[in-house]
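Hi everyone, thanks for coming along. I'd like to take a few minutes to walk you through a structure I've been looking at, so let's bring it up on the screen.

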Amino acid sequence: MSSSSLPKKVGQELGDVRSPLPLDRLVPYLEANIKGFKGPLKVKQFKFGQSNPTYLLETTSKHYVLRRAPSGPLLSPTAHRIDREYLILAALNTYNTTLTTAASTSRHVPVPKVYCLCMDKEVVGAGFYVMEFISGRVFQDVRMTDSSQSERKECWKSAINTLTRLSTIPLSALNLPSTFAPLPEEKPYFPRQVTSLLRVSAAQSRAKSKETGKQVGEIWGTDELKPWFQRGAREVARWESERNIGAVVHGDFKLDNLIFHPTEPKVIGILDWELCTLGSPLADLGNMLLPFSFPPVKDTTLLGGGRTDMSLMIGLKGLSTAQSGLPEVQQLEQWWIQGMNNGIGSSSSLTSTWEWPIHGMSWVRSWILFRLAIIAQGIAARAALGQASSADARADSRAIFDFFGKMAWEVKRDFEAVLPEQQQSKAKL
């Protein structure tokens, strides 16, 4: 397949190679470690994506995707774990091969094939892995404005159904090593994530610009929101522990990390597994529904409008289907409940059944917004240090991460306004 025969709108546009790869070392390595791989090789870098640099590798016969960790010192030793991405993708591919009956193949999780993992920094300067290139559509705008309303509905339904297939895989079926992540029953997901990410945020806030020497700074509302996040994390963990709930967590499950069939409203690939772990299925649901957790932003110029990452600012909260062209959040949650309960009955070891309203979702919405603020803060920190992988990353992104801190506070405020103070401790967070 030539580059000219690729779909005109892949969703993740290719641009100039901002972080060059040493082809004199890379090509011989790939020829020795990937069956059928043969140079010469053309390299392009994807524009979209803020963390691990990602490249399209074009040979005369096939296309591949290479993801590598950033070069240079990292803000967190647990970030950019290329080896973990490779490990979960390999495990899911193996799991898919065990689904042989007509009923079981409906539980197939669409992920790209992986071909090799290299942790030898001498090859390209950082660890990397190579995977299959899946040709399809990636929607950066959650509203999918170029599609009909019926196609939007079916695409979102496929996304939710794909998520429930991932979230109901029995953890024992993946044979992951104990070093991959602690089991949810041993170390509950949300308490450890809240603790670790608040620590990461504190480190990011101290990052100094190479140009000005100014620190990135804390996210708006950090001190005031900490007790809410810590208490809610413990409550959700208690509720899930009592019901033996645990799942694979993608960590950044959202529309633009999904590849859709070129012509059908069907997910054919899940990308960007950098944050994958084991834990609560509510984490991925909250992330997928994040646009429905804050209202539309009327003036994006206040937040650096005109950048390609402004798709994150598309809020849908309070909009009807007639206004947004999308299913409403309650419908999406109902599809998720149906898929989770079907998965529990057919292939999962979970003992719980889900019902609406979903326990803990108000707290999850607030935390996911703040977690996005931490991610945006990290982008600003890497940009300040000169390590950002996106062509659009900027060090002056304070308005972005402060915005999501404020949105997290508003979800908390709305939740507390609904219930009398004496009932809040007993409420579904």
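Let's begin with the aromatic rings: this predicted model holds 19 aromatic pairs. A pair of aromatic rings is described by the distance of the centres and the angle of the planes. Take Trp336 and Trp354, whose rings lie 4.9 Å apart, centre to centre, with 70 degrees between the planes, an edge-to-face arrangement. This pair links distant parts of the chain. Trp336 belongs to helix α10, residues 329-346, while Trp354 sits in the loop between α10 and α11, 18 residues apart from its partner. Both Trp336 and Trp354 are buried.

Now a second pair, Phe403 and Phe404. Their ring centres are 5.0 Å apart and their planes meet at 75 degrees; the cut-off for edge-to-face is over 60, so this pair is edge-to-face as well. Phe403 is buried, and Phe404 is too.

Which residues form one aromatic cluster? They are Tyr189, Phe190, Phe229, Trp363, Trp367 and Phe370. If you have the model open, those six names are good ones to highlight together.

Rings also meet charges here. Arg84 lies over the face of Phe180, 4.2 Å from the ring centre. Over at Trp409, the charged end of Lys412 sits above the ring, 4.7 Å from its centre.

Arg84 brings us nicely to helix α2, as Arg84 is one of the buried residues of that helix. How many residues does α2 have? It has 16, and from first C-alpha to last it reaches 23 Å, close to the 22 Å expected at 1.5 Å a residue. Besides Arg84, the buried residues of α2 include Ile82, Glu85, Ile88, Leu89, Ala91 and Leu92. Further along the list come Asn93, Tyr95 and Asn96.

And what do those buried residues pack against? The partners are strands β4 (63-68), β5 (114-118), β6 (128-132), β7 (247-249) and β10 (277-279), along with helix α5 (149-167).

Let me pause on Asn93, which has its place in α2, residues 82-97. Is Asn93 buried or exposed? The cut-off for buried is under 20% relative accessible area, and Asn93 comes in at 19%, so it counts as buried. Setting aside neighbours within four places in sequence, Asn93 is in contact with Val111, Pro112, Lys113 and Val114.

Val114 then leads us into the strands. In β6, the bridge partner of Val114 is Met131. β5 and β6 run antiparallel and are joined by four bridges. β6 also pairs with β4, again in the antiparallel sense, over five bridges. There, Val65 stands opposite Met131 in β6. So Met131 in β6 is bridge partner to Val114 and stands opposite Val65. Why call β6 largely enclosed by the rest of the structure? Because four of its five residues are buried.

Finally, let's zoom out to the whole chain. There are 12 helices and 10 strands. Of the 429 residues, 55% count as buried. Among contacts between residues at least 6 apart in sequence, 73% join residues at least 24 apart. The accessible surface comes to about 19,000 Å², and 51% of that belongs to carbon and sulfur atoms.

That's my tour. Thanks for listening, and I'm happy to go back to any part of it!

How values were computed: Residues are numbered from 1 along each chain as its sequence is written. This is a predicted model: local features need pLDDT of at least 70, side-chain atom pairs count only at pLDDT 80 or more; totals for chains, interfaces and linings use all residues. Side-chain values use heavy atoms; hydrogens and water are left out. Rings of Phe, Tyr and Trp (its six-membered ring) pair if their centres lie within 6.5 Å; planes under 30 degrees apart count as stacked, over 60 as edge-to-face and the rest as tilted. Helices (H or I, at least four residues) and strands (E, at least two) are DSSP runs, numbered from the N terminus. Buried means under 20% relative accessible area, exposed over 50%, partly exposed in between (1.4 Å probe, protein chains only). A charge sits over a ring if NZ of Lys or CZ of Arg is within 6 Å of the ring centre and within 35 degrees of the ring normal. Contact means heavy atoms within 4.5 Å. Accessible areas come from the Shrake-Rupley method with a 1.4 Å probe; for residues, only the protein chains shown count as cover. The expected span of a helix is 1.5 Å times one less than its number of residues. Two strands pair if DSSP finds at least two bridges between them.
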